[in-house]
Amino acid sequence: MSQTLYLKYRPQKISELDLVSVREMLEKVLNGKSLPHAWLFSGPRGTGKTSAARILAKVINDDDLILDSPDLIEIDAASNRGIDEIRELRDKIKLAPMRAKFKVYIVDEVHMLTMEAANALLKTLEEPPAHAIFVLCTTDPEKLPETVVSRCTRIQFKKPTIAEIVAKLKIVTKGEKLEIKNEELEMVAKSARGSFRDAIKILEQVILAGKPAAEVLGLLEFADPAKFIKLLRDEDTKGALEFINKMTEEGVNPRSFIERCVEELREQLIESTNQSMANVQSLLIMIGGLERAYERTKTSAVPQLPLEIFVIENTQRTGSLLVRSEDHPKRGPVADSVKHGSGKGKFKLEDARARWPDILKAVKPHNHSIEALLRSTRPVEFDGDMLMLEVFYKFHKDKLETDKCRQIVEAAVGEVFGTDPARLVLQLGQRLQPAREEVVADSVDEDIVAAAAKIFQVDAV
């Protein structure tokens with residue numbers, strides 16, 4: 001293959017776009033009375049945003065050759081995110097197209113622009129030259145200023161279904177004159193985790209290897225995520241470690257295996273609507289632990305070590321990994337106080353909020369930084385056993401989810417209410433806007449500054 005399959009089978013027309021919803025929306029807008037001067041393509045990576053932007057450039061100019069002309073300008077905002085780059089764009093945008101009807105500016109990962117650069121771009125979007133069209137592409141539209149989003153016609157690229165990815169893979173295999181079974185294409189599609197681009201790259205690996213997809217992807221019977229998860233639930237440390245050892249000896253990539261485990265647990269979570277809250281939270285705990293192990297595999301000297309550490313941490317406990325209402329994870333020294341029994345059903349959210357100052361006071365002697373972090377959170381659910389806190393910054397959430405922080409907070413809650421240590425659950429929320437509850441928002445900001453100061457051992461000013 002002289003050209004990568006992804007580029008070879010990149011869509012060239014609107015009718016060839018892989019997502020049906022995107023095809024229909026583009027056709028509807030383009031058939032309207034007016035042509036938008038600014039577009040926002042948002043959605044997960046690998047779903048065809050840049051391909052669609054290039055196709056749009058060809059359609060509005062009725063010219064396939066624009067892709068090789070100076071009238072198509074592609075900018076990677078991740079590498080050109082400053083005010084100087086946007087000012088240069090604003091200066092050049094005044095120049096008329098050299099050959100096309102419209103100059104088309106495709107700005108990829110536009111959310112990476114600095115706030116100053118985004119504001120400069122906004123001015124251009126508000127008063128654009130008649131010959132300029134902007135297509136902004138992003139995987140994270142929430143990071144864009146609302147003023148920028150409001151100036152654009154938005155096309156949402158949703159995560160494709162397995163059937164949509166398989167359909168794309170069939171186009172590739174037909175074009176390459178290959179015979180690959182449908183079940184193998186489904187394996188490839190599932191491994192791609194919602195990315196057409198990754199699916200085609202994986203298919204290319206399968207083709208080059210000349211082996212069945214199951215073997216290339218490590219989807220072998222001895223590497224079954226369901227079997228591994230059962231070993232964890234049974235607290236079979238030895239069995240789980242032997243499972244990992246055999247899996248890696250057979251060449252299965254630990255990162256790929258963790259992805260499949262998380263997908264398996266995700267499906268169980270979706271199906272758990274009628275299960276107890278304790279079981280749901282236990283699934284979340286397991287998913288969170290695997291996600292952390294997944295991140296650690298990027299830098300680990302031994303690829304399978306993070307997964308092995310996860311097994312040891314989560315099978316050698318005083319209770320099951322899938323926590324029952326009367327069970328709790330192994331605690332640190334703070335939690336080695338007298339156990340009073342479960343408080344499940346004895347308290348409500350109002351109790352947690354009323355005693356919140358006492359909880360903070362109980363945490364402070366053990367760790368000032370944790371107490372400071374907790375001041376920028378708020379209780380949103382409590383039943384005497386499980387305490388859910390809303391956290392407004394991912395950095396704070398990641399910090400509080402570490403075993404050390406979690407154990408201190410859980411023990412403090414139990415100490416205040418005279419129960420066994422609680423189970424802490426964290427959810428990421430949105431910051432309070434200044435327009436509403438300004439006093440509370442200011443207080444939250446002050447707590448964030450204090451938390452950062454204590455964490456990094458500097459004085460807050």
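**Figure 1. Contacts across the predicted model, counted by how far apart the partners sit in the sequence.** Take the contacts in the protein with a separation of 6 or more: 74% of them come from residues 24 or more positions apart. The protein has 461 residues, and 48% of them are buried. As for secondary structure, you'll find 21 helices and 8 strands here.

**Figure 2. The exposed surface of the protein.** About 24,100 Å² of the protein is exposed. Carbon and sulfur atoms supply 51% of that area.

**Figure 3. A look at strand E1, residues 38-42.** How many of its 5 residues are buried? The count is 5 of the 5, so E1 is largely enclosed by the rest of the structure. "Buried" here means under 20% relative accessible area. Ala38, Leu40 and Ser42 point one way from the strand, while Trp39 and Phe41 point the other way.

**Figure 4. E1 alongside strand E4, residues 132-138.** These two strands pair in the parallel sense, with 5 bridges between them. To find one spot in the pairing, start at Phe41: its bridge partner in E4 is Cys137.

**Figure 5. E1 alongside strand E5, residues 153-156.** Here E1 and E5 run parallel, joined by 4 bridges. Which residue of E5 does Phe41 stand opposite? That would be Ile155. So much for the pairing; as for its side chain, Phe41 is buried and points the other way from Ala38, Leu40 and Ser42.

Note on methods. Residues numbered from 1 in each chain as written. Predicted model: local features only at pLDDT ≥ 70, side-chain atom pairs only at ≥ 80, totals over all residues. Heavy atoms only, no water. Buried < 20%, exposed > 50% of the residue type's maximum accessible area, 1.4 Å probe, protein only. Contact = heavy atoms within 4.5 Å. Areas by Shrake-Rupley, 256 points an atom, 1.4 Å probe, with all protein chains shown as cover. Pairing = 2+ DSSP bridges.
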